[in-house]
Amino acid sequence: MTRFSTEPPYALTAVAAPVTGRLAGTREVDMVLVGGGYGGLLTAIELAEAGARVAVIEAREIGAGGSGRNHGQCIPVFGYLDPATLPEKGVGLLAEAGARVFDRIARHGLRCEAVQKGTLSAAYNDRTLAATRAAQAKYAGYGKTEHYLDAEEVAALTGTRAFLGGWVHREGGHLNPLGYARELARLALSLGVEVFTDSPMTGFSHRDGRWCVRTPEGEVRARTVGLTTDAYSTAAIPGAVTQGFFPLTSYAVASRPLTAEERASVMPSGMNFGDTHHDPMFFRIDASGRIITGGLQEPGRGSRFAYTAAFMTRRLSRIWPVLAGLGWEFMWTGTVSMALDQTPSIQRLDDGLWALSGWSGRGVPTSAALACAFARTLEDPASGLAWWPQRQPPRVVARALLGRMVQLCRGPFNQLRDRMEG
């Protein structure tokens, strides 16, 4: 049996987590965020920078959930970036999401192996040429891409002539997601945010205009509570939050480090790579030279290591023959929340009780945008409407069953569509 690690390789090179501890006793703050992932930490940072007294409580350690287990790509391209449905400030947040991620990293010196060389979307047939041209034109309108690339330009960036054209979002990039989460916690602490780990919320109550959030050993009292647990919500989180999305299991695999020859031949541009198949392939090459890729778990891919490793090697080596002998060393999983309309929601549950949920993937850039909107909403709900809609997301019926059906059928169906296109 092939040996592999079921944990990401991120801890091998990530900075150490800042020192935090369990919540004990009673704390009084202006606002408390429940969930210490990107959403909670970035919202806390935004609030603290505006002068609020803020606490964050996290059930486990920093980066234990999706923020430390994702693929590490910042792909600031969103299907719901729509001026017809979003306020102007919300459109601006999404358009600047990639810049917000890397500008904060640079401004505060966050050590997370950040690389901002762009995200390439490559086309391989007439359908995908049309789709990528439309996407490029949309983001050119926001000043995020220069021009549509022809086959020769894509070949120079990728090291292969397998594609007919494509485009680059110049503010995309990648990072060590665990290191990023830990550095966000460190930044929050430096701004005066109280961060408590190993402190799961066990319940909450409202009395005399203040909320009391309880953990096994303590409690935080605040006028406003923001729930940012999303796909990692427990039974303590109100059902109105979790009914707005269905859970999906994602997987990722990381290869052995590439040789010098392989590294020079595969994505010499250093960009993130994504193609436009119905069953899409995307990957990045990390600071150690490992290819990191993945998708939604299926009965084979992401469930059985040997099958997944062989599949990924075949898929990559068809495009880059130098990778024919590629081996894999890591395979791990995480949980993704998927809203029916694939749009995150800011939801009012009660006076002073709010939730941010339904990330629907792409958490690195999405969190940079939505945490800002969430912070403005927690400060002043009326003003927050200028940043993002406040809504109860469409309710998902039979959430668990729907998630299982998507994971069972989506991959095979999309592979069939690709085969029919030739």
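Me: In this predicted model, how many salt bridges does the structure hold, and what makes a pair of side chains count as one?

Reply: The structure holds 27 salt bridges. A pair counts because a side-chain nitrogen of Lys or Arg lies within 4 Å of a carboxyl oxygen of Asp or Glu.

Me: How do you know that E183 and R111 form a salt bridge?

Reply: The side chains of E183 and R111 meet at 3.1 Å, N to O, and the limit is 4 Å, so the pair qualifies. The pair also links distant parts of the chain, since E183 belongs to helix α6 (residues 177–190), while R111 sits in the loop between α3 (97–108) and β5 (119–123), 72 residues apart.

Me: Is E183 called buried or exposed, and why?

Reply: E183 is called buried because its relative accessibility is 3%, and buried means under 20%. Its partner R111 has a relative accessibility of 49% and therefore counts as partly exposed, as exposed would require over 50%.

Me: Why is the contact of D208 with R207 called a salt bridge?

Reply: The closest N and O atoms of D208 and R207 are 3.8 Å apart, which is within 4 Å, so the definition is met. D208 has a relative accessible area of 72% and is therefore exposed, and R207, at 67%, is exposed as well.

Me: Which residues are joined into one network by salt bridges that share partners?

Reply: The network consists of E46, R100, R104, R376 and E379.

Me: What makes E152 and R161 a salt bridge, and how is each of them classed?

Reply: The closest N and O atoms of E152 and R161 are 2.6 Å apart, and because the limit is 4 Å, the pair is a salt bridge. E152 is partly exposed because its relative accessibility is 47%, whereas R161 is exposed because its relative accessible area is 63%; the boundary between these two classes is 50%.

Me: Now to the sheet: what makes β9 and β19 its edge strands?

Reply: The open sheet has six strands in the order β9-β3-β2-β13-β20-β19, with mixed pairing. β9 (194–196) and β19 (345–350) are its edge strands, as each pairs on one side only. Neighbouring strands of this sheet are turned by 20° against each other on average, direction ignored.

Me: How do you know that β13 is paired with β2 and with β20?

Reply: Strands pair if at least two bridges are found between them. Strand β2 (residues 31–34) and strand β13 (residues 224–227) have four bridges and run in the parallel sense, with M31 having T224 as its bridge partner in β13. Three bridges join β13 to β20, again in parallel, and here V225 stands opposite L353 in β20.

Me: What makes it right to say that both faces of β13 are covered?

Reply: T224 and G226 on one side, and V225 and L227 on the other, are all buried. For L227 the value is 2% relative accessibility, and therefore L227 counts as buried, the cut-off being under 20%. Leaving aside neighbours within four places in sequence, L227 is in contact with several residues, including V34, I237, L353 and F374.

Me: Which helices lie across strands of this sheet, and at what angles do they run?

Reply: Helix α1 (residues 38–49) lies across β2 and β3 (54–57), and runs at about 170° to β3. Helix α10 (residues 363–379) lies across β2, β13, β19 and β20 (353–357), and runs at about 170° to β20.

Me: Why can M405 belong to a nonpolar surface patch?

Reply: L401, M405 and L408 make a patch of about 280 Å², and M405 is placed in helix α12 (residues 399–421). M405 has a relative accessible area of 41% and is therefore partly exposed; a patch residue must have over 30%, so M405 passes that limit.

Me: What makes the phi values of E113 and R362 worth a remark?

Reply: Most residues other than glycine have a negative phi. E113 has a positive phi of about 55° although it is not a glycine, and the phi of R362 is likewise positive, near 55°. E113 is in the loop between α3 and β5, and R362 is in the loop between β20 and α10. E113 is partly exposed because its relative accessible area is 29%, and R362 is partly exposed because its value is 43%.

Conventions. Residues numbered from 1 in each chain as written. Predicted model: local features only at pLDDT ≥ 70, side-chain atom pairs only at ≥ 80, totals over all residues. Heavy atoms only, no water. Helix = DSSP H or I, 4+ residues; strand = E, 2+ residues; numbered from the N terminus. Axes fitted to C-alpha atoms, helices over the stretch in contact; angles between N-to-C directions. Contact = heavy atoms within 4.5 Å. Patch = residues over 30% accessible without salt bridge, like charges linked within 9 Å, V, L, I, M, F, W, Y side chains within 5 Å. Areas by Shrake-Rupley, 256 points an atom, 1.4 Å probe, with all protein chains shown as cover. Buried < 20%, exposed > 50% of the residue type's maximum accessible area, 1.4 Å probe, protein only.
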